Amino acid sequence: MKGLQRSHHCGELRASDVGKEVTLTGWVNKNRDLGGLHFIDLRDKYGLTQLSFSDFKEDISILKSCHLESVIKVKGKVQARPEEALNKNMNTGEVEVSVESLELLSESDVNSIPFLPFGATEATEDNKLKYRYLDLRTHKLQNMLKLRSETTLKVRQTLHSEDFVEVETPILYKSTPEGARDYIVPSRVHPGSVYALPQSPQTLKQLLMIGGTDKYFQIAKCFRDEDLRADRQPEFTQIDIEVSFATEEYIKNLVTKMLKNLFPLKDDFEIPVMSYDVAMRDYGCDKPDVRFGLKHHIVSDIFKDTDFGVFKSALESGGMIKSIFVPAKMGTFSRKILDGFVNVVKPFGGKGVAFFKVENDQAVGGISKFVSAENLNDLYSKVEKREDGTWLFFADSEDIVHASADALRRHLGVELDLIGDGYEFLWVNDFPLFEYDDGRYYACHHPFTMVKEEQIDQYFSGDVSSPNAELKSLKAQAYDLVCNGYEIGGGSIRIHNGKVQERMFEILGMSEEEVKHQFGFFVEALKYGTPPHGGLAFGLDRLTMILAGTDNIRDVIAFPKTTTASDMMAGAPSVPAMEQFEELHIKPVK
């Protein structure tokens, strides 16, 4: 298409282009003066081209201003490099451009530039974030942006092929409970009132189903004011999907089609299914990485009569004991390494990792004096093969045991090099519908998730005031998609019956006034004919992160926040002017 200032990009020219008159633009990547012979390596996002100046018709002194990272525009003729100057490491290594004219479009202040994107010294992470526009010049981040763009395009193509309609929903919306804190925006024209930035378009996409949209999707910007991790950001993008008259089977088939378009998968690819209870039993989390073994084993019964104080105390307080067996052929551990496992589990509430080893079929070291021959036989009944190795133990409350064992298993997967290449997908379903805490029930997902149809009677009859009521055993029609130990998507079949929705709010302890205030518009909409519907949302950032093979979600976001939800480049968040506070009728807290 005509209109660009260049005729070719810097990764394009080949031997077949020799003799052509070309115009190139880009950044000065390298500038060399070899005793009067001048060369510049010109760079753009596509690659490098060497420039020579033996035929330069202008004042050669201009090259003194062409500092590294300056932007220039050159015109010249493509010529073959001499045999001794060929560079097989460059796509354009057979040719160079003999420059006839040069225009310095933007001179770089090389004396104050914080770092060179292609310099010999690696910039610090803080500098990369503060000067993100410099780091974005690297091929790594440009490739990430391209991958993200291609991923979004493929998603749109898949959904359009199934007759989905892309609909934009509001960013300024109403605060509704979604499981995390809202970012709120004070209203100037409605003093004392606020908008909330959406944690997800949950009620809006359900209203679109009530409105007859049938199949909806959106590449939606969402916001959650929560503590950050390496794979989370305060603002994120999700592929939001909702379908009328959908079954769980339809949603899963749609996801399978989408994944085949995104990942290098076989034609007969199918996603295995695991229940939440099995995932917690075998892996201690609801997003297990199933690329390697080291399953957990619940061994509370084996040690119910133990004299080992840690185990005894955990069981007496209603906790549990879990174990991981590491065969010697998989890895062995020094005492220093074993003692260091406490640092792996400590962030998850763990106080330590008990152990003993088996050598020549005998328990030795660690807590071996508390392990009888019968205990050992019972332990080996849990694994496929009786062999030498190390038994690792976790004893505490159930939550701490699950989390600690999960953390150590993931740690061992990396340290013992057990994690293979490729992608292992998994559906996790049959989640609990409720959890009980602080004297009340909470929705494990969100308050619009449908209970299993076969449990609807228990749903209506369960005692809301009892922590051990039938309500605690109810399962949700919810499903999470896991890949390589990351949750990349999650959804559910929604409540479409007004009475079922009213009961949900009742179980959650919400008064009629609270329901009317927070969800009155939605509850009313359910009265006027609501199709059964369900949906799912993919985390686009996390999905791209997995496709890119990185473990840091910041790599796939053009302008990410830090782990303190700060933008180091722009200095956000910032303190507004007092005039803005006054316009919004709020006072700053010092």
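**Exercise 1. Using this predicted model, state which secondary-structure elements each supply at least two residues of the negative patch, and then place E398 within that picture.**

Solution. Helix α11 (398-415) and strand β18 (434-437) each supply at least two residues of the negative patch. The residues that gather in this patch of negative charge on the surface are E398, D399, E435, D437 and D438. Turning to one of them, E398 lies in helix α11. Its relative accessibility is 43%, and because buried means under 20% and exposed over 50%, E398 counts as partly exposed.

**Exercise 2. Describe the chain as a whole: how many helices and strands does it have, what share of its residues counts as buried, and how many positive and negative side chains does it carry?**

Solution. Begin with the secondary structure, which comprises 16 helices and 22 strands. The C-alpha atoms fill a box of roughly 90 × 70 × 60 Å when this is taken along the principal axes. Next, consider burial: of the 590 residues of the chain, 46% count as buried, while the chain exposes about 30200 Å², of which carbon and sulfur atoms supply 49%. For the contacts, take those between residues at least 6 apart in sequence; 69% of these join residues at least 24 apart. Finally, count the charges: there are 70 positive and 90 negative side chains, and the centres of the two sets lie 3 Å apart.

**Exercise 3. Determine how many salt bridges the structure holds, and work out which parts of the chain are tied together by the pair E69 and R43.**

Solution. Side chains of opposite charge can pair when their charged atoms come close. The structure holds 27 salt bridges. In one of them the side chains of E69 and R43 meet, with an N to O distance of 2.9 Å. E69 lies in the loop between β3 (47-52) and β4 (71-80), whereas R43 belongs to strand β2 (residues 37-44), so the pair ties together parts that are 26 residues apart in sequence. As to their surroundings, both E69 and R43 are buried.

**Exercise 4. For the salt bridge between K561 and E235, find how many residues apart in sequence the joined parts are, and decide whether K561 is buried or exposed.**

Solution. The side chains of K561 and E235 meet at 2.6 Å, N to O. K561 lies in the loop between α15 (540-548) and α16 (578-583), and E235 lies in strand β10 (residues 235-244), so this pair ties together parts that are 326 residues apart in sequence. With 14% relative accessibility, K561 counts as buried, whereas E235, at 26%, counts as partly exposed.

**Exercise 5. Identify the residue with which K475 forms a salt bridge, and then describe which residues of helix α6 are buried and what covers them.**

Solution. K475 forms a salt bridge with D277, the closest N and O atoms being 3.1 Å apart. Because K475 lies in the loop between α12 (456-461) and β20 (478-483) and D277 in helix α6 (residues 276-283), the pair ties together parts that are 198 residues apart in sequence. D277 itself, at 44% relative accessibility, counts as partly exposed. Elsewhere in α6, A279, M280, D282 and Y283 are buried, and what covers the buried residues of this helix includes β11 (273-275), β13 (320-327) and α11. The helix is followed by G284, whose phi is positive, near 75 degrees.

Definitions and conventions: Residues are numbered from 1 along each chain as its sequence is written. This is a predicted model: local features need pLDDT of at least 70, side-chain atom pairs count only at pLDDT 80 or more; totals for chains, interfaces and linings use all residues. Side-chain values use heavy atoms; hydrogens and water are left out. Patches are made of residues with over 30% relative accessible area and no salt bridge: like charges are joined within 9 Å, nonpolar side chains (Val, Leu, Ile, Met, Phe, Trp, Tyr) within 5 Å. Accessible areas come from the Shrake-Rupley method with a 1.4 Å probe; for residues, only the protein chains shown count as cover. A salt bridge is a side-chain nitrogen of Lys or Arg within 4 Å of a carboxyl oxygen of Asp or Glu. Lys and Arg count as positive and Asp and Glu as negative; His and the chain ends are not counted. The place of a charge is taken as NZ of Lys, CZ of Arg, CG of Asp or CD of Glu. Helices (H or I, at least four residues) and strands (E, at least two) are DSSP runs, numbered from the N terminus. Buried means under 20% relative accessible area, exposed over 50%, partly exposed in between (1.4 Å probe, protein chains only). Contact means heavy atoms within 4.5 Å.
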